[in-house]
Amino acid sequence: MQKLAVAAWVLALSGAGAAAKTVVFWQEGFPAVDTAAPARRAMEQALAVGDAAGQEVVFADVEELGRAGTLDGTDLLVLPYGSAFPEPDWAAIHRYLESGGNLLVLGGRPFGVTVAARAGAFEIREAAGAYERRMGIRNSYPLPAVPNGEFTWREGYGQFPALKLKPARCFALEGRLSGLGYLRDGRGDALAAPVVVMDHTQGGRWVMADFTPEEGFWETQDGRALMGAAAAYARQGAAIFSVEMTYSTYRPGETPEAVVHLRRGLKGGAQGAAKVKLEVVSGAGVAAKAEVECEGKATDAPVVFPASLGPGFYRLRATYEDAAGKAREYYGNGFWIEDQAELEAGPWLGAAGDFLTWDGKPFFPVGTNYFSTEENGWDFSGPRNAAVWEDDFAAMERHGVSMVRTGVWSGQFKFLDAATGAVTERFLRNLEAYLRCARKHHIAVNFTFFAFDPQTTLRMRGSASAMRLAGTNPYLDPVTIRAEQNYMLSIVSRFRGAPDMSWDLINEPSFSNPDHLWRGNTPNGDPAESEAWRKWLEARYGETGRLAAAWSESPDQVRGFGAAPLPSAHDLSPDMEGGNTGQQRALDYNLFAQQMFSGWVKQMVEAIRAMGSTQVVDVGQDEGGVQNRVLNQFYAASGLGFTTNHTYRQNDALLWDSLAAKAPGIANIIGETGYQPVILPNGAWQYDELTGMKLLERKWAYSFTAGNSGFMTWDWDREVYFGMLRSDGSQKLWVPMMEAMGEFARRAQGFATRLVQPDVALVLPQSLQLSTLNALAIQAEQSAVRAMYGYARAEAYAVGERQIENLGQPKLILLPSPWILSETAWQGIMERVKAGATLLVTGPFDDDAHFHATGRAAAIGIRGGMARMLERSATMEWPGGRERLTFSGAKTGYLEKLALPGGATLAEVAVGQGRVLAAALPVEWNDNLEATGALYRYALKRAGVAPVYTTELQDADVLISPEQFPEATLYTVVVEGSSPTTVGFRDAASGKELSGLVDAGRAAMVLVTKTGGVAASYGWSGTR
């Protein structure tokens, strides 16, 4: 009976009466790879029903398949040898598929390896992805076994036969494809997709059974059923089917409207008469029905539903049926009937000092960027799918997500009203539906207004700005700013009462040229910028002579503030050979950029507040915010509730990434994090979900260090590189990792009532960082963090040199290799030293921000001067310590050092109640970080800094980062070495001895209370 039912199902889908041909590649002795080829008899049985319906089935060998005419008139090509295919037939196969041919691949990774006859035998050759990429598969890799997954077809395809499938192994295929059948766990989560489909605009449909079956599977009834079902579905060819909702949210009493879109017969003539059946479902009940008749190749038919639907969420289920009434395709959508009062009720997302809050309580977000897992754009302007949002947010809630980031990445030109500059009503209704779905699942929403620069509304391929808002400058022209606010406030005004909404002003900003993104601050050269620049210089320097002196030019070269030029690209680049004094302008321009961007942020925040919104505002900056663009430490005080750092490329300095991004007293999260693609010249991927998993875990874990508040990964999408889902829609192994981390955050966040500041302040040398010697400053900062945490076993907080008013009350101030320093910063540091702090400054510090001598070293009693550092190696000595330093590369060509009397390498002088330890050598630029750490240990001891924890660990590749709260300490442990490590340490506050095994490359977290209890842990194998 079951056999007859399967046969009847295949007969129904095969299209009775259609004379056509299926070609099966079949070669005796041909090797199957990543599968066992079905027995010919099993294939004949699976496809035999096609013969009865007039379907000719041809088994063609290597010679026959490549012969002209073999694939002419073919409805389906079947490749049954898994990853292997015949190399001599590639040209014929490719021509057939490119012309719109349909394909079924049984097992393995389609087009993964080639097979050719050599000396009377078959030779298997790894194709290195070359053929996969030609077929639109950008990468493929094997997945761990899914032993307990239950196979189900995707939603809406209940016409397919029920069957059991227990693959020995599944593969991930990355590209423009979708799962057709999934292995699901008990919660319904898709763990793998052993059957996937690619529909092509040329008309072809490719179904691929991308798994290794158990021995003998293809010969079983389930195996034959799968072959028959997949063949019948592939043979139908591509169809484009969707149902568009006019809005995703409707007011009570409004009429929900939809449009059915169907494109079929993409290759050849149109199929016969058909219909689309629609149901509107609320809960388990059907609230409305409709039908649409379809003729020809294209259908675009409006559908109207009753206006009497009550508030709540509704699903729209649509099935495309052929003339015989057989289901062919399914599409689901949804919409809300709103309850306006509900939109403005619920817990409030806020910020209190160093941490975010939720309903007034400390909040550690574990989240993700998210637009949709349906491919329909990075904004809210066009047709959007509320059912996908509802399902995705439900999945996110199950897996620990508590916050998402969304907004506009694609430019605003297509949805701005030409007269008002406001967004369309459709945009607002879609965003409302998105927010309602998020709220239903207790997930906060962070909405981003602009991407990269706020003026561009359409960007060309690359970074060129093709269409802009009115005005001349993104950040300085009042006309532009007004246009930006018109757009921004049209959204804020609609959602200003939504308690779980926050506003991200801009994603990864660059200042100020819209055509030069992510490359440092670059002048735009427009009138607004030129005027602002000259006014800024005049306010800063007061008289032309002072400006000329700063720039190492004569006054006649400067020619007054009204003629002071913006720096050229050459001026903003390091030039140690050309004698270009124009480089002096770089520091000033970068400082100008910080102040102007901070002013723009303040204007935007004030506009949001004037609209009546008290919601939290942030800037979504990437690592440019700690490197060379507009920096977190500068704009944090412009009215923001929190800042972010998108950790992408600084994989060797992730702890520094977190520390340098965190301004004292302002919350920071690690946002939009993930690995960046690394692809070798031969096209091979270095990272996928398996090889990139440990790195991703480390990035997430570092979001809880140095006073940070959690993370947002990029993104919950079927994105080939960093999506939480695979291209087929199944979840990556990262998803359960996020769930575990979300559970940790939920348990730990209640202790974050206040951040207890460490006793060590790391002063970021921003004058050097904003000069053309930026790379040296970054190296000094990164080396200082690694030496402090990995060797000295201490911790610090960061204070920008230009924000020295935030210095606080540290016992030890670390100023790493500053070389140049503003006088304001020096005086602020000296104020703390006089009050009792210890300063460790390494290398020269006597010059002002433009490399002019100040005499500040002599003023505090340090005799000597500056000297060229000509030696590659030098010995650094201090009481009780002696270390060899090495300065590699080109550093000895231009670095300077302090020339202390008698060749001493450390000077110690009392200043007020404190002291200054001045190291002659810029130790952070040397290669021996162990020596740097040893010097830091001496400074910590001289400053009287008590350790937060103690350990006997000697491995500097094991980083322990403590974060102190009033009643507990959160330890983040990262093993960066190649071996699993037992990490043991003693928490000083409680006396608790802890020991846990952490795998190589992995991260763990443990929260220890003042009484010695472990309140929360992640990845921590045990304690004693």
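This briefing covers two nonpolar cores, one helix and one small sheet. The model is predicted, so local features need pLDDT of at least 70 and side-chain atom pairs count only at pLDDT 80 or more, while totals for chains, interfaces and linings use all residues. Residues are numbered from 1 along each chain as its sequence is written, and side-chain values use heavy atoms, with hydrogens and water left out.

**Nonpolar cores**
- The largest nonpolar core (a set of buried Ala, Val, Leu, Ile, Met, Phe, Trp, Tyr and Cys residues joined through side-chain atoms within 4.5 Å) has 174 residues, and Phe 449, Ile 491 and Leu 505 have the most contacts inside it.
- Helix H14 (residues 584-610) gives this core its largest share, 13 residues.
- Beyond its neighbours within four places in sequence, Ile 491 is in contact (heavy atoms within 4.5 Å) with residues including Val 423, Phe 427, Phe 449 and Trp 503.
- A second, separate core of 77 residues includes Phe 30, Tyr 96, Val 207 and Tyr 330.

**Helix H4**
- In helix H4 (residues 90-98; helices are DSSP runs of H or I with at least four residues, strands runs of E with at least two, numbered from the N terminus), the buried residues (under 20% relative accessible area, 1.4 Å probe, protein chains only) are Trp 90, Ala 92, Ile 93, His 94, Tyr 96 and Leu 97.
- Among the elements covering them are helix H3 (62-65), strand E3 (74-79) and strand E13 (205-209).
- Just after H4, Gly 100 takes a positive phi of about 105°.

**Sheet E8-E10-E14**
- These 3 strands form an open sheet with antiparallel pairing, where pairing requires at least two DSSP bridges between two strands.
- Strands E8 (137-142) and E14 (211-212) stand at the edges with a single partner strand each, so one side of each has no neighbour in the sheet.
- E8 is joined to E10 (residues 169-175) by 5 bridges, and Ile 137 stands opposite Gly 175 in E10.

Note on methods: Buried < 20%, exposed > 50% of the residue type's maximum accessible area, 1.4 Å probe, protein only.
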